Amino acid sequence: MKTGGPLKGFAEFSRAVAAQGTILLKNDNNFLPLQKQETVAVFGRCQLDYYNCGTGSGGSVTVMYSTDFINSLKSRNKVIVNETLYDIYTDWVSKNPVQPSNIVKSTHYEEMEITDSCVKEAAQVSEKAIIVIGRTAGEDNDNTNTKGSFFLTDTEKNLIEQVCKHFDKVGVILNVSNIMDMSWENKKISSIVYAWHGGMEGGNAIVDVILGNATPSGKLPDTIPIILESSLSNHIDKNSTEFIYEDDIYVGYRYYETFAKDKVKYPFGFGLSYTKFKIELLSFNLIGPITNSKSNGIEIKVLVTNIGNRYNGKEVVQVYVEAPQGQLGQPARKLITFAKTHLLNQGESEILTLFSPFFRSASFDDSGISGFKSAYVLEAGEYFIHVGNNVRDDQCPVNSFKINNTIVLKQVEEAMAPSMSFKRIKPVIDSAGRFHIDHETVPTQTIDLAQRIEERIPNEIPYTGDQGYKLKQVGHNQISMEKFIAQFSPAELEILVRGEGASHPNVTPGTASAFGGVSKKLREFGIPLICCADGPSGIRMEGGLAATLIPIGTQLSSTWDYNLIEMLYSMEGKELIKNNIDLLLAPGINIHHNLLNGRNFEYYSEDPLLCGKIASAVVKGIRKSGVDATVKHFACSGQETNKRRLNNVVSERALREIYLKGFEMVIKEGKVNSVMTASNKINGYYCASNYDLNTTILRKEWNYDGFVMTDWWTCINDIVNKGEGSQNNLANMIKAQNDVYMTVGNYGAELNENHDNIHESLNNGNLKLSELQRAAINICRFALKTNAFKRGHMLFENTHFPAQTGPIPKLIVNNILEIENTDNLFYFESSGKFQINVTYSSTAKGLGQTACNVLLNDFLVTTIHVGNTNGKTFSKKLANVKMDQGNYNLKLDYIPGALKITKIEFIKL
Ligand code: BGC
């Protein structure tokens, strides 16, 4: 079975998106765009070693090509590039190549030491200088508040100083995955661009921008602070397994605009263009009474005009509420809606209608201080509405509306409140109207969780045994889901909640998991084997199948353009279909709470509305093409260091207003059908065994009817008593209504290879059959919506690999091939169906994984994808194939090292 590869036109479209997500922070004296025949000297090794994506599962896309900055710039023949300098860098980079280990585990590449004379000579022939600074980070690879990560290295600092000394016109391109320190900025630097990581077309996209083929229209999705405020959120302690969210709802600009305006270098929402815009307020109206209805809210019409005379461009209009402090306390600004214009020519205008339901201005009262505990409220007072093109811009007149008595928009149940008491910050205002930080005690849990869980255990569906009903009859409304599930024995249900993978032989090679129909019996019931793959920056197929690498999440949110992102991901959906993948493990939407989080590049913003809007567009786009998306990591995944042991201690208010808000939007607006829980704990409970997260809030309050999977190899602890986590406590996962455990290894579901406790817990009554049935219903309801279900049969099974003729190579004894080389020529004496088994060992460090493609006569059979075995030898079932009598070459396509393959066996079926 061949897979499809990249979708035609997708990379080109992603290039346009990358250009739009590029943020121009500074452009004195029109440094950019570069003009024809201008002389330019480019500094920094990343002009060649240009980063295209962050690292880890969210960025491991194999590409057919990628672009860098300098070669893309040279290929346009528009400006005169300083060739001497180019040669110096090319020569140095070839002599100092980036080591493969450095690509995954470091946040920067070593920079070339530049000499004063080299810069001086360059300045004699080139008028402008551009410095490219690169940074990356990713899964298991956080940033640190050190040089080479958040800060410049001494060599980079020296480079900037030297260039600024000799050149009058200096521009800096930040080819980064995260916000980085910008204290190096000085008056000599005329231009600064956040180019992010633009995917495989990133090099072309940034050149489009700097040459003026595309006008940048990106706006900051995060505040850039003057210094790294480490005390509240931006710190990672590798010795600590607890993070206390003392900053509460005051994350990013909510903190800076309220308490520390003078500590901001570039405010949230800020970004320049090559042209200028005027935003005029046309009308401000309140629609309907103030209720929770999504059609009642604030409607604003603005006229946006391109008032420049040379370039076209797009503008983003942002609306912020300044709510009364009331009893709860409020941030100085909160984004409540935004919209982007289309491409406006010089002099052209567009009327934008912006709407914000009243509930976006509401706050959650977790203590009862407003008089309404566990409710979303609008406290009495005056609500000022600010309209502009960043959080500080007030170019439109400020309007307001008044509320006389506190209004409850929605009463809910207390859920997820911490049991541990701690202090959180809250504003106090002095007589001069200035905000100061005060503290209050966070309310703790008052409900009886054990009782809540017990009271809500569903009714058991009486077991009927196999009645011959198939899942498709549920799809055709011929039988109920309950009747279908009634046929499953507890032993069969157990298998269904275990996901297999990675690189399952019966789905697209190199993907993250296959789940659903993981046993023959389950497939006979009509449950398909569903294939899912990472995301978010393109399809990850370990083993080298190529796909399209698109810009990182932060660059997508920097576009502030949900229509554009929906289009981008509808193409992603088509590429998924082309590669027979049913579900993308993206978008990741965790809040940029900590600027040092290595996975921020996958995520969108410090603001939940921007996150929720962009992520909903991702999901809608993918679903439009007939496949599905998974929103992850639910919730509070704020750092990689100690991620699997970290307990995030957070108030219920902060959870609901900040950390869960984006997820709520993706569920209600994006209508996502698949959720992945995070690996960390929240208030003592691992996300996979967090009942209030997965059941009370997600399903009961938000009416989610999709399914939930764990993150890979996550821990689970006691649903009531918390405690230590383990990877085989699946009973508590199911009780919480996290339906599928990822992953138990290929063919491990039926064998219970993970030795989980489902069987034993059913027997001792800790897990009710009805709870397992509930998980099965969630999975089957989802399965019905998948492409795998529509396809109706398994791909990649019993594929025929024809033999070749020619001189007879070595014979193999008992169908066992002892592996000595990567190429293994042999003569196969029998023909028919065979199961291929591999014997291997691996010494990949920690949770590291290694992969190897297995090819028969140059056709891919499967990808072996294994974790560390500490050098111990294991055997593993690989795939079922059809083979003939004749010659074969079994090729192992990998870099020998950690993974050692000693034997391949062909067992006659
Ligand atoms: C990551 C997930 C990813 C999964 C499958 C995990 O380690 O946290 O985001 O989807 O692996 O590759």
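Visitor: Which residue lies over the face of Phe 31, and at what distance from the ring centre?

Guide: Lys 128 lies over the face of Phe 31, at 4.8 Å from the ring centre; a charge sits over a ring if NZ of Lys or CZ of Arg is within 6 Å of the ring centre and within 35 degrees of the ring normal. Lys 877 is placed over the face of Tyr 747 in that way, at 3.9 Å from the ring centre.

Visitor: Before I go on, what kind of model is this, and how are residues numbered?

Guide: This is a predicted model, in which local features need pLDDT of at least 70 and side-chain atom pairs count only at pLDDT 80 or more, while totals for chains, interfaces and linings use all residues. Residues are numbered from 1 along each chain as its sequence is written, and side-chain values use heavy atoms, with hydrogens and water left out.

Visitor: OK, what does Ser 191 touch?

Guide: Leaving aside residues up to four places away in sequence, Ser 191 touches Leu 24, Lys 26, Asn 27, Phe 31, Leu 32, Val 170, Gly 171 and Val 172, where contact means heavy atoms within 4.5 Å.

Visitor: And where is Ser 191 found, and is it buried or exposed?

Guide: Ser 191 is found in strand β6 (residues 189–194); helices (H or I, at least four residues) and strands (E, at least two) are DSSP runs, numbered from the N terminus. Ser 191 has a relative accessible area of 1%, so it is buried, and the cut-offs are under 20% for buried, over 50% for exposed and in between for partly exposed (1.4 Å probe, protein chains only).

Visitor: Leu 32 was one of those contacts; what joins Leu 32 and Pro 33?

Guide: A cis peptide bond with omega of about -5° joins them, and Pro 33 has its place in the loop between β1 (23–27) and β2 (39–43). Ala 586 and Pro 587 are also joined by a cis peptide bond, with omega about 10°.

Visitor: New topic: how many aromatic pairs are there?

Guide: The count comes to 34 aromatic pairs, with rings of Phe, Tyr and Trp (its six-membered ring) pairing if their centres lie within 6.5 Å, and with planes under 30 degrees apart counted as stacked, over 60 as edge-to-face and the rest as tilted. The rings of Phe 515 and Phe 782 have centres 6.4 Å apart and planes at 20°, so this pair is stacked.

Visitor: Why does that pair tie together parts that are far along the sequence?

Guide: Phe 515 lies in strand β22 (residues 513–516) and Phe 782 in helix α23 (residues 769–783), so the pair ties together parts that are 267 residues apart in sequence. Both Phe 515 and Phe 782 are buried.

Visitor: What about Phe 826 and Phe 906?

Guide: They form a tilted pair, 5.7 Å centre to centre with 35° between the planes, and the pair links Phe 826 in strand β35 (residues 823–828) to Phe 906 in strand β41 (residues 899–908), 80 residues apart.

Visitor: Last one: which residue in the loop between β4 (128–134) and α6 (154–166) has a positive phi?

Guide: Asp 140 is found in that loop, and its phi is near 60°, a positive value in a residue other than glycine. Asp 140 is partly exposed, with a relative accessible area of 41%. Trp 713 is not a glycine either, yet it has a positive phi of about 55°, and its relative accessible area of 23% makes it partly exposed.
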